[in-house]
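Thanks for coming. I have one structure to go through this morning, and I will keep to the computed geometry.

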Amino acid sequence: GLQRYRACCRIVEQHSLLVQQSSVHHNVVSGLLPNYRWHQALWAALVPVEKERVHILLEQLGIGAYQWARAGDLSGGQMQRVAIARALIADPQILMADEPTASLDPNTARSVTQQIVEMAKRRNVSLVFCTHWFDIVRADCTRVIALRGGEIVFDLPPVEVSSLMLEQLYQGTHERV
């Protein structure tokens, strides 16, 4: 049950959680490890596998030239793109993005958000995007579910979400961006 669900679901987190000393290629391939048997995982650690598949995915994200670069040498936005590739390499049915742009500047955040949305659409993947940057995702969402204290405050199409509703949602917090 749970393992089958996890196999069809991937997450892009706030911090890319890459292995800094490893290549971009190996970081992306690590997204396949949950699907690998032990001997496949060992082989993937020793020999670059899925080179073309990884390259195509990185090209789609605009970072194809960095496939063999050390992950720790990349900018924050490039690292998040590697994290997106790592999540998508396994062809998930559901992609969860948990504040994936929170540590990025607004322009990079906008660009990374657009890439996540575009890649999810291109691959026909359901995307759950958790963010405080509502203005950045407003045009790309089909549904907005606002939570506060674990309770649903509203569940609406984005065009029905007003500035007043957002102010009330974030009232008393410092989370509104």
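I will start inside the fold, move to the salt bridges, and end with the surface and the backbone. Keep in mind that this is a predicted model.

Let me begin with helix α5, residues 76-88. How far apart are its end C-alpha atoms? They are 19 Å apart, and the 13 residues should span 18 Å at 1.5 Å a residue, so the two values agree.

Next, its surroundings. Of the 13 residues of α5, 12 are buried, so the helix is largely enclosed by the rest of the structure. The buried residues include Gly77, Met79, Val82, Ile84 and Leu88. Polar and charged side chains are on that list too, among them Gln78, Gln80, Arg81 and Arg86. What do the buried residues of α5 pack against? Their partners are the strands β1 (9-12) and β2 (94-98), together with the helices α2 (24-29), α4 (51-60) and α6 (106-122).

That leads to the core. The largest nonpolar core has 47 residues. The largest share of this core, 7 residues, comes from α5. The residues with the most contacts inside the core are Val28, Leu58, Val82, Ile84, Leu95, Phe154 and Val161. As one example, Phe154 touches Val144, Ile145, Ala146, Val161, Met165 and Leu166, leaving aside residues up to four places away in sequence.

Now the charged pairs. A search of the whole structure finds 7 salt bridges. I will show three of them.

One is Arg53 with Asp91, where the closest N and O atoms are 3.4 Å apart. Arg53 lies in helix α4 and Asp91 in the loop between α5 and β2, so this pair ties together parts that are 38 residues apart in sequence. Both ends are partly exposed: Arg53 has a relative accessibility of 32%, and Asp91 has 48%. The pair also belongs to a network of salt bridges that links Glu50, Arg53, Asp91 and Arg123.

Another joins Glu118 and Arg122, at 2.6 Å from N to O. These two are 4 residues apart in helix α6, so about one helical turn separates them. In general, an α-helix has 3.6 residues a turn, so residues three or four places apart point the same way. Glu118 is partly exposed at 43%, and Arg122 is partly exposed at 44%.

The third on my list is Asp135 with Arg138, at 3.9 Å from N to O. The cut-off for a salt bridge is 4 Å. Here Asp135 counts as exposed at 52%, while Arg138 counts as partly exposed at 28%.

On to the surface. Which residues make the nonpolar patch of about 410 Å²? Trp38, Leu42 and Leu46 do. Leu46 lies in helix α3, residues 38-46, and counts as exposed because its relative accessibility is 62%.

Last, the backbone. As background, most residues other than glycine have a negative phi. Glu99, in the loop between β2 and α6, has a positive phi of about 45°. Asn124 also has a positive phi, near 55°. Asn124 is in the loop between α6 and β3 (126-130), and it is exposed, with a relative accessible area of 72%. How far is Asn124 from Gln93 in space? The distance is 7.7 Å, C-alpha to C-alpha, with their positions 31 residues apart in sequence.

That is the end of my tour.

Conventions
Residues are numbered from 1 along each chain as its sequence is written. This is a predicted model: local features need pLDDT of at least 70, side-chain atom pairs count only at pLDDT 80 or more; totals for chains, interfaces and linings use all residues. Side-chain values use heavy atoms; hydrogens and water are left out. Patches are made of residues with over 30% relative accessible area and no salt bridge: like charges are joined within 9 Å, nonpolar side chains (Val, Leu, Ile, Met, Phe, Trp, Tyr) within 5 Å. Accessible areas come from the Shrake-Rupley method with a 1.4 Å probe; for residues, only the protein chains shown count as cover. A salt bridge is a side-chain nitrogen of Lys or Arg within 4 Å of a carboxyl oxygen of Asp or Glu. Buried means under 20% relative accessible area, exposed over 50%, partly exposed in between (1.4 Å probe, protein chains only). The expected span of a helix is 1.5 Å times one less than its number of residues. Contact means heavy atoms within 4.5 Å. A nonpolar core is a set of buried Ala, Val, Leu, Ile, Met, Phe, Trp, Tyr and Cys residues joined through side-chain atoms within 4.5 Å.
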